[in-house]
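Student: Could you take me through one part of this model in close detail? I would like to see how a single helix sits among its neighbours and which pairings hold my attention there.

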Amino acid sequence: MLDKSEPQSSARASGPLAGFRIVEFAGIGPGPFACMMLADMGAEVVTLDRVGARKNLKSAAGRGRKVVELDLKDKGAVAQVLDLLEHADALIEGFRPGVMERLGLGPETVQARNPRLVYGRMTGWGQEGPLALAAGHDINYISVTGALAAIGPAEKPVPPLNLVGDFGGGALYLVVGVLAALLEAKSSGKGQIVDAAMCDGAASLMSMFFDLTAMGRWTEERENNFLDGGAHFYGVYECACGKFISIGSIEPQFYALLRQLAGLSDEGFDAQMDRSAWPALKQQLADVFRTMTRDEWCKIMEGTDVCFAPVLTMAEAPRHPHMAARKVFVDRHGVTQPAPAPRFSRYGRYRQPDNGLARWKIDGFPRRDRARRIDTFVRNRGIFAIRSAALICDDRAARWRHDDHGTAAPAELRILRQGPSTRFDADSHLQL
């Protein structure tokens, strides 16, 4: 059981999850994204990665972590990981079913050491079922849910990047599941397995469309519905400059304002919800929007109740006045990235660094005084990578090297490679 009663110091993480300790087994896609969110909300996240992985520490999804590199095929390293998990609140892994069990780190083994541990498992197909052991990617997982078939032009489905499977149906459902299990564990004293599958989550995201289909308000033909580009009042249009704008004038009062500001006086536009009229009205509206540039349409419609916005690229988005005013994007280490979300009224978007593993009360890890020395050294010297496979600090066998600076680190610094958020935040609160 973790001791969360220790008063916070100036080096502790802040946020609603401050004091919760999470061990992440390094992966790609939804797992790191979920751990990024948990770290952004104040959780202490330690990532276990393979020796020599050399992950990009400037990535948004990798921020806010302490990284430990080790060889999980080494039984000694596995034993040390079990020691670490004994003092954690949650574990997150994204391997195929059975991998963690073969490593000796399956749920039964880990929860025997720590019954309160929440064991988060992120996969595409889930822990069981005919496809559970098959390889796949986001596009495959959403293919069997009805989601991919519903997205794109009439000619063929179009992948919605990997937003629906990896992140919407994967990472977000993993975060919700882990937080729910952590909340329940506080009352029951027992952890549990969270089986977060992208095919499950993506199917869940389709709930409204299954409802609309049951009510006779949705067809399976693409570009034939009011939210899939079929309706003239909900879609993307090209402007005279070759750039695009979006409108979503569904409600009658918003549609009336669209007609007013776009000069749509033709009586044919009276039939807003007549599906048979939509193709012709879309063409007329497309011709209207091509008469002016995107910037000119923004001056007329942006900020009104038309439900209008310019379609911006990733390079343009950070410069939009609304996004800039809310500081939705930040620059860290020369990299533009989305800031933490959501925002909390008593924490804002602040996050402080943490001293790492020192307070996890594990024999062999640095004492608190050493942790302060680690923090000071990292603040002054930069980022380190572990060369040996061992997890526990051993002054007699430390094999650290200083990354790209040519300075040897003290023996105490054998444990962590600091992530970018920790390095950047070392001196004060970081306001994003």
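Tutor: The buried residues of H11 pack against four elements: strand S8 (244–248), helix H9 (252–262), helix H10 (278–289) and strand S9 (308–311). Keep in mind that this is a predicted model. The helix itself covers residues 294–301, and its buried residues are Arg-294, Trp-297, Cys-298 and Met-301. Why do they lie on the same side of H11? They cover an arc of only 105 degrees around the axis, which puts them on the same side. The spacing fits a general rule: an α-helix has 3.6 residues a turn, so residues three or four places apart point the same way. Now turn to the face directed away from that buried side, and you will find the exposed residues Asp-295 and Lys-299. Just after H11 comes Gly-303, which takes a positive phi of about 90 degrees.

Arg-294 deserves a slower look. Is this charged residue of helix H11 buried or exposed? Arg-294 counts as buried because its relative accessibility is 6%, and buried means under 20%. Leaving aside neighbours within four places in sequence, Arg-294 is in contact with Cys-239, Cys-241, Lys-243, Phe-244, Ile-245, Pro-310, Val-311, Leu-312 and Glu-316.

Two names in that list lead us to the charges. Side chains of opposite charge can pair when their charged atoms come close. Arg-294 forms a salt bridge with Glu-316, with the closest N and O atoms 2.9 Å apart. Arg-294 belongs to helix H11 and Glu-316 to the loop between S9 and H12, so this pair ties together parts that are 22 residues apart in sequence. Both partners are buried; for Glu-316 the relative accessibility is 17%.

Glu-316 also forms a salt bridge with Lys-243, and here the closest N and O atoms are 3.7 Å apart. Lys-243 lies in the loop between strand S7 (234–238) and S8, while Glu-316 lies in the loop between S9 and helix H12 (321–325), so the pair ties together parts that are 73 residues apart in sequence. Unlike the buried Glu-316, Lys-243 is partly exposed, with a relative accessible area of 39%.

For some context, a search of the whole structure finds 12 salt bridges. One of them joins Glu-24 and Arg-65, whose closest N and O atoms are 2.8 Å apart. That pair links distant parts of the chain, with Glu-24 in strand S1 (residues 21–25) and Arg-65 in strand S3 (residues 65–69), 41 residues apart. Glu-24 and Arg-65 are both buried. Elsewhere, Asp-83, Glu-86 and Arg-113 are linked in a network of salt bridges.

Finally, a word on the nonpolar interior. The largest nonpolar core has 27 residues, and those with the most contacts inside it are Ile-22, Leu-38, Ile-92, Val-118, Leu-174 and Val-178. Another core, of 25 residues, lies apart from it and includes Ala-231, Ala-262, Phe-269 and Phe-308.

Terms used:
Residues are numbered from 1 along each chain as its sequence is written. This is a predicted model: local features need pLDDT of at least 70, side-chain atom pairs count only at pLDDT 80 or more; totals for chains, interfaces and linings use all residues. Side-chain values use heavy atoms; hydrogens and water are left out. Buried means under 20% relative accessible area, exposed over 50%, partly exposed in between (1.4 Å probe, protein chains only). Helices (H or I, at least four residues) and strands (E, at least two) are DSSP runs, numbered from the N terminus. The arc is that of the directions from the helix axis to the C-beta atoms. Contact means heavy atoms within 4.5 Å. A nonpolar core is a set of buried Ala, Val, Leu, Ile, Met, Phe, Trp, Tyr and Cys residues joined through side-chain atoms within 4.5 Å. A salt bridge is a side-chain nitrogen of Lys or Arg within 4 Å of a carboxyl oxygen of Asp or Glu.
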